[in-house]
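Student: Could we go through this structure together, one question at a time, with the reasoning spelled out before each result?

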Amino acid sequence: MSVGRSIIRDMADRSPVLRIINSAARESLKPLGLAQRGRSRLWIDDRGWWLGVVEFTPSRTAGSGLHVGAMWLWHDVDHLAFHVDAVRVSPELFRTEEQFTPMALELSRQAAANVTALREKFPALPDVARYLTSRPVRRGFLWDCFDAGVAAALVGDPDTARDQFERVLREDPLVPWMVEAQRRARELHTIAPDRDAVTAWAARAVDSCRSKLGLDPAAPDQLDGPSR
């Protein structure tokens with residue numbers, strides 16, 4: 001699921017909601033090292049080859065919910081996305097500053113707790129690979145298998161990687177993005193036994209994605225060891 005391209009411009013941003021949310025987020029997220037994306041409702045936890053993404057989701061009336069998840073930067077896209085969900089919280093409605101301020105603080109604390117949980121869950125590539133390859137296969141969720149294949153190949157498990165990529169290739173490519181996903185899966189299926197080649201592919205994708213997102217270049221060896 002992509003975020004950041006079409007955040008709803010609703011009453012929330014013309015009310016005190018954004019100011020209250022930003023104040024609460026600064027209190028809970030800045031001490032953890034997260035950075036706000038401009039003046040938006042989005043905050044990121046930069047782990048080098050993946051991001052923790054926090055969105056204080058807008059509602060159609062003034063208020064805010066919460067969505068926290070992880071984004072794998074080997075997708076090489078120009079927008080933030082949630083590839084693994086940590087938590088979703090339905091919007092809390094704004095009525096008065098006194099009523100909404102403690103709600104915003106609670107949302108920001110939940111965001112911080114879930115960011116910390118993601119860091120603990122995914123400290124290094126082997127942990128990511130174990131998680132992604134152990135998830136039940138969901139028919140139609142093509143990217144689940146793609147990500148599992150990339151992670152398995154990166155940790156030197158070409159058999160699992162090829163099995164995951166073959167699942168991607170068995171999907172009916174109904175739309176252009178599926179055709180592109182299968183093109184990548186076919187390329188990675190071929191090079192899966194060559195860990196160095198897969199690592200080079202992923203490093204190029206991560207560097208390109210970071211550039212598109214306006215992030216600083218990552219360390220050259222950031223895919224070889226624990227995330228920062």
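**Questions on a predicted model**

Tutor: Let us start with arginine 109, which is found in helix H2, residues 97-121, and keep in mind that this is a predicted model.

Student: Does arginine 109 count as buried, partly exposed or exposed?

Tutor: The class depends on relative accessible area, where buried means under 20% and exposed means over 50%. Arginine 109 has a relative accessibility of 43%, and therefore it counts as partly exposed.

Student: What distance separates the C-alpha atoms of arginine 109 and alanine 25?

Tutor: Along the chain, arginine 109 and alanine 25 are 84 residues apart. In space, the separation of their C-alpha atoms is 8.1 Å.

Student: In what order do the elements of the protein chain run from the N terminus on?

Tutor: The protein chain has 7 helices and 7 strands to be placed in order. Read from the N terminus on, the elements run β-α-β-β-β-β-β-β-α-α-α-α-α-α.

Student: Which element gives the most residues to the lining of the largest cavity?

Tutor: A search of the whole structure finds 1 cavity of 30 Å³ or more, and the volume of the largest cavity is about 70 Å³. Two elements, helix H3 (125-134) and helix H4 (142-154), give two or more residues to its lining. With 3 residues, the element that gives the most is H4.

Student: How do the residues of that lining divide into nonpolar, polar and charged?

Tutor: The largest cavity is lined by Leu132, Thr133, Arg135, Pro136, Val137, Arg138, Asp144, Cys145, Ala148 and Gln164. Sorted by class, the residues of this lining are 5 nonpolar, 2 polar and 3 charged.

Student: What accessible area do Leu174, Val175 and Trp177 have together?

Tutor: Of these residues, valine 175 is found in the loop between helix H5 (158-170) and helix H6 (176-191). Membership of a patch requires over 30% relative accessible area, and valine 175, at 34% relative accessibility, counts as partly exposed. Leu174, Val175 and Trp177 form a nonpolar patch on the surface, and their accessible area together is about 320 Å².

Student: What is the value of phi for aspartate 76?

Tutor: Aspartate 76 has its place in the loop between strand S5 (63-72) and strand S6 (80-81), and at 22% relative accessibility it counts as partly exposed. Its phi is positive, in a residue other than glycine, and the value is near 55 degrees.

Student: What share of the residues of the protein chain count as buried?

Tutor: Buried means under 20% relative accessible area. Of the 228 residues of the protein chain, the share that count as buried is 48%.

Conventions: Residues are numbered from 1 along each chain as its sequence is written. This is a predicted model: local features need pLDDT of at least 70, side-chain atom pairs count only at pLDDT 80 or more; totals for chains, interfaces and linings use all residues. Side-chain values use heavy atoms; hydrogens and water are left out. On a 1 Å grid over the protein atoms alone, a cavity is a set of points where a 1.4 Å probe fits but cannot get out, and a pocket is an open set with protein on both sides within 12 Å along at least five of seven lines; lining residues have an atom within 4 Å of a point. Grid points are joined across faces, edges and corners, and a volume is the space filled by probe spheres set on the points. Helices (H or I, at least four residues) and strands (E, at least two) are DSSP runs, numbered from the N terminus. Ala, Val, Leu, Ile, Met, Phe, Trp, Tyr, Cys and Pro count as nonpolar, Asp, Glu, Lys and Arg as charged, and the others, Gly among them, as polar. Patches are made of residues with over 30% relative accessible area and no salt bridge: like charges are joined within 9 Å, nonpolar side chains (Val, Leu, Ile, Met, Phe, Trp, Tyr) within 5 Å. Accessible areas come from the Shrake-Rupley method with a 1.4 Å probe; for residues, only the protein chains shown count as cover. A salt bridge is a side-chain nitrogen of Lys or Arg within 4 Å of a carboxyl oxygen of Asp or Glu. Buried means under 20% relative accessible area, exposed over 50%, partly exposed in between (1.4 Å probe, protein chains only).
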